[in-house]
Amino acid sequence: MRRALLTLTLLTAGHALAQERVLYDSRLPFPEPRLTESERGRVQYLAGQALAQDAWGAGNAEYCMNDFRIEGASPGSFTVKGRAQMAYLYTQCYQRPGNLQGLVILEGLNVAAHYVFVDHYSSMYAVKDINRNGFTELALDGGFTGQGYTEGWLDIAELGPVRRMLGQLNYERLPQPYQDNCGAVESGGRWTSALIRVTPGPTPRYTWQELTGNCENQRVATKIGPVKPLKLTPAPTGWDKGPLK
């Protein structure tokens, strides 16, 4: 699944003018990351170092193949205000119950941060400082398909000034960003997703709408629900540190 960040219209609240953004929309494709060979090589080297140092823990890499792939790349200021940095989400191994993945932050080719985790994130994009503290956030879009059913989730991560999840949405923390039965039925399959918007500020305001569509067309919603308020609860990332050299 590929997502894109979209700037929406300006909304007036009282006498103040605030910019509302689309934070998540499953109908929007996210382009493949365009990387230089130096960038790709640097991230792949760090992923290989993490594997060699058993950064994901004993047993996780027992059947690891050379599956390296960069799932997303985004510019921003992630660990230091005002710094020109790049964030890279990579997969080192595709496996169950979770892929061996990592997040690398580079300044040029210097490593500012590296974290590893076991998950099924399939894309990543930058969220432009929705809490107005000078740090760029990241949206990590994931999903898993089994027996023809797909379950999707979305994590909003902030690396500075404190590393944490600003919010997590999945089948347990509703609304679920995406789900479908497209692989389980021959015809008449349906998908549902949450169109999530945010109005940035020291305390961001979130809303969502439920979208429903047919599996034959993932880009067109046949039904759009009313706008509802959404509350996101911060939580620890649970990530481990990866090698910096």
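Is E107 buried, partly exposed or exposed at 23% relative accessibility? E107 counts as partly exposed, on a scale where buried means under 20% relative accessible area, exposed means over 50%, and partly exposed lies in between, computed with a 1.4 Å probe on protein chains only.

The model is predicted, so that local features need pLDDT of at least 70 and side-chain atom pairs count only at pLDDT 80 or more, whereas totals for chains, interfaces and linings use all residues. Residues are numbered from 1 along each chain as its sequence is written, and side-chain values use heavy atoms, with hydrogens and water left out.

A natural place to begin is helix α1, residues 37-52; helices (H or I, at least four residues) and strands (E, at least two) are DSSP runs, numbered from the N terminus. The expected span of a helix is 1.5 Å times one less than its number of residues, and for the 16 residues of α1 this gives 22 Å, which agrees with the 22 Å between its end C-alpha atoms. The buried residues of α1 are E39, V43, L46, A47 and A50. Because these residues cover an arc of only 100 degrees around the axis, they lie on the same side of α1, the arc being that of the directions from the helix axis to the C-beta atoms. An α-helix has 3.6 residues a turn, so residues three or four places apart point the same way. The face of α1 turned away from the buried side carries the exposed residues E37 and A52, while the buried residues pack against β3 (69-76), β4 (85-93), β5 (99-107) and β6 (110-119), where contact means heavy atoms within 4.5 Å. After α1 comes D54, whose phi is positive, near 55 degrees. V127, in strand β7 (residues 121-127), is separated from D54 by 73 residues in sequence and by 31 Å in space, C-alpha to C-alpha; V127 is buried, with a relative accessible area of 1%.

The charged side chains come next. A salt bridge is a side-chain nitrogen of Lys or Arg within 4 Å of a carboxyl oxygen of Asp or Glu, and by this rule the count comes to five. One of them joins D25 to R27, with the closest N and O atoms 2.8 Å apart, and D25 counts as buried at 5% relative accessibility. Another joins E32 to R69, with the closest N and O atoms 3.0 Å apart. That pair links distant parts of the chain, since E32 is in the loop between β2 (16-24) and α1 and R69 is in strand β3, 37 residues apart. E32 counts as partly exposed at 46% relative accessibility, and R69 counts as partly exposed at 29%. R83 forms a salt bridge with E107, the residue of the opening question, and here the closest N and O atoms are 3.3 Å apart. This pair too links distant parts of the chain, with R83 in the loop between β3 and β4 and E107 in strand β5, 24 residues apart. R83 is partly exposed, with a relative accessible area of 40%. Salt bridges that share partners join E32, R69 and E71 into one network.

Covalent cross-links are treated separately: a disulfide is a pair of cysteine sulfur atoms within 2.5 Å, and a search of the whole structure finds two. In the disulfide that joins C64 to C93, the S to S distance is 1.4 Å; this pair links distant parts of the chain, with C64 in the loop between α1 and β3 and C93 in strand β4, 29 residues apart. Both C64 and C93 are buried. C182 and C215 form a disulfide with their sulfur atoms 2.0 Å apart, and the link is left-handed, with -85 degrees about the S-S bond. C182 is partly exposed, with a relative accessible area of 24%, whereas C215 counts as buried at 17%.

Finally, the structure holds four aromatic pairs, where rings of Phe, Tyr and Trp (its six-membered ring) pair if their centres lie within 6.5 Å, and planes under 30 degrees apart count as stacked, over 60 as edge-to-face and the rest as tilted. Among them, F68 and Y90 form a tilted pair, 6.1 Å centre to centre with 35 degrees between the planes, and both F68 and Y90 are buried. F117 and Y121 form an edge-to-face pair, 5.6 Å centre to centre with 85 degrees between the planes. Ring pairs link Y115, F117, Y121 and W239 into a cluster.
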